[in-house]
Amino acid sequence: MSTFEDQLESLGEDARARAVLAELDHAAGAACASCAAVLCGHEAMISLVCGYKASPRCLTCVAVDMGLDAAQLRDRTWRYVHGRDCFLQGWREASRREGFSMDVRPPCLWSDKFAAPPTPSALPQGNAGSENTPLPLCGAEQERAHTAASAEWNAGTIACGELILELRSRLGRLPTGAVLLLVSLDPAAPEDIPAWCRLTGNGLAAADHPRYWIRAR
Ligand SMILES: [Zn+2]
Ligand SMILES: [Zn+2]
């Protein structure tokens with residue numbers, strides 16, 4: 001049986017991008033699983049990167065479900081996809097299909113409908129470094145996390161959207177503050193997992209590739 005992640009693994013970077021584009025084809029134009037609004041391609045990508053691949057939602061509904069402000073989630077996702085090749089290609093393709101220049105913030109999401117919140121996270125373009133700084137890990141906290149993991153998941157070589165979908169689902173089944181020990185052999189994990197934790201507000205208690213101790217939000 002050939003699974004989605006087998007395909008990603010066997011075919012490399014191009015195939016990863018193609019898998020993301022297939023998801024764009026699948027979810028863009030579909031109805032939000034929560035409010036039935038028609039999803040644009042960027043909302044399809046936001047659903048994919050936030051772990052809502054199985055039930056794509058509009059920006060507003062993903063933000064509500066995650067307990068985040070929509071504009072804040074949108075801005076964080078913008079920065080996140082611009083650091084991840086496999087998602088960036090999908091994001092740019094969404095812009096192309098919607099008639100926007102590939103490297104501007106697409107007006108479908110950067111409109112009055114989603115006013116930026118008056119928080120430090122609404123940084124002007126070009127000053128987006130703060131959320132990309134490596135998370136300082138204190139040794140004592142690492143030790144506690146190591147011993148306190150209440151769940152464990154060996155994700156093997158699963159990558160991109162599939163990893164995130166399953167990770168979100170597993171974290172969602174844990175009580176707030178519980179630690180999931182994730183083992184991921186995906187070579188992009190050392191960058192992807194910390195960035196995804198920042199994006200979603202889950203705490204990365206410790207990391208020692210291929211092991212990641214993630215505290216459920
Ligand atoms: Zn919705
Ligand atoms: Zn759009």
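User: Which residues of H8 are buried, and what makes them so?

Analyst: This is a predicted model. In H8, the buried residues are Ala189, Asp192, Ile193, Ala195, Trp196, Cys197, Leu199 and Thr200. Buried takes 20 or more other C-beta atoms within 10 Å of a residue's own, so each of these residues meets that count.

User: How do you know that H8 has the span expected of a helix?

Analyst: H8 covers residues 189-200, 12 residues in total. From first C-alpha to last it reaches 16 Å. The expected value at 1.5 Å a residue is 16 Å, and H8 comes close to it. Gly201 follows the helix, with a positive phi near 85 degrees.

User: Why are S1 and S2 called paired?

Analyst: Pairing needs at least two bridges. S1 (residues 149-156) and S2 (residues 179-184) have six, in the parallel sense, so they pair. One of the bridges links Trp153 to Leu182 in S2. With helix H7 (residues 160-172), S1 and S2 make a right-handed β-α-β unit.

User: What makes S4 a partner of S2?

Analyst: Five bridges join S2 to S4 (residues 211-215), against a minimum of two, so they pair. The two strands run antiparallel. In S4, Ile214 stands opposite Leu180.

User: What does Ile214 touch, and how do you know?

Analyst: Its contacts include Leu171, Leu180, Leu182 and Cys197. Contact means C-beta atoms within 7 Å, so each of these residues meets that limit with Ile214. Ile214 is also among the residues that touch the most other members of the largest nonpolar core, which has 55 residues.

User: Why is that core said to lie between two domains?

Analyst: Domain 1 (4-117) and domain 2 (139-215) both give residues to the core, so it lies between them.

Methods: Residues are numbered from 1 along each chain as its sequence is written. Chains are lettered from A and ligands numbered from 1 in the order in which they are written. This is a predicted model: local features need pLDDT of at least 70, side-chain atom pairs count only at pLDDT 80 or more; totals for chains, interfaces and linings use all residues. A nonpolar core is a set of buried Ala, Val, Leu, Ile, Met, Phe, Trp, Tyr and Cys residues joined through C-beta atoms within 7 Å. A residue is buried if 20 or more other C-beta atoms lie within 10 Å of its own, exposed if 12 or fewer, and partly exposed in between; C-beta atoms are placed from the backbone. Domain bounds come from an automatic or database domain assignment. Two residues are in contact if their C-beta atoms, placed from the backbone, lie within 7 Å. Helices (H or I, at least four residues) and strands (E, at least two) are DSSP runs, numbered from the N terminus. The expected span of a helix is 1.5 Å times one less than its number of residues. A crossover is right-handed if, with the strands pointing away from the viewer, the path from the first strand over the helix to the second runs clockwise. Lists of a residue's contacts leave out its neighbours within four places in sequence.
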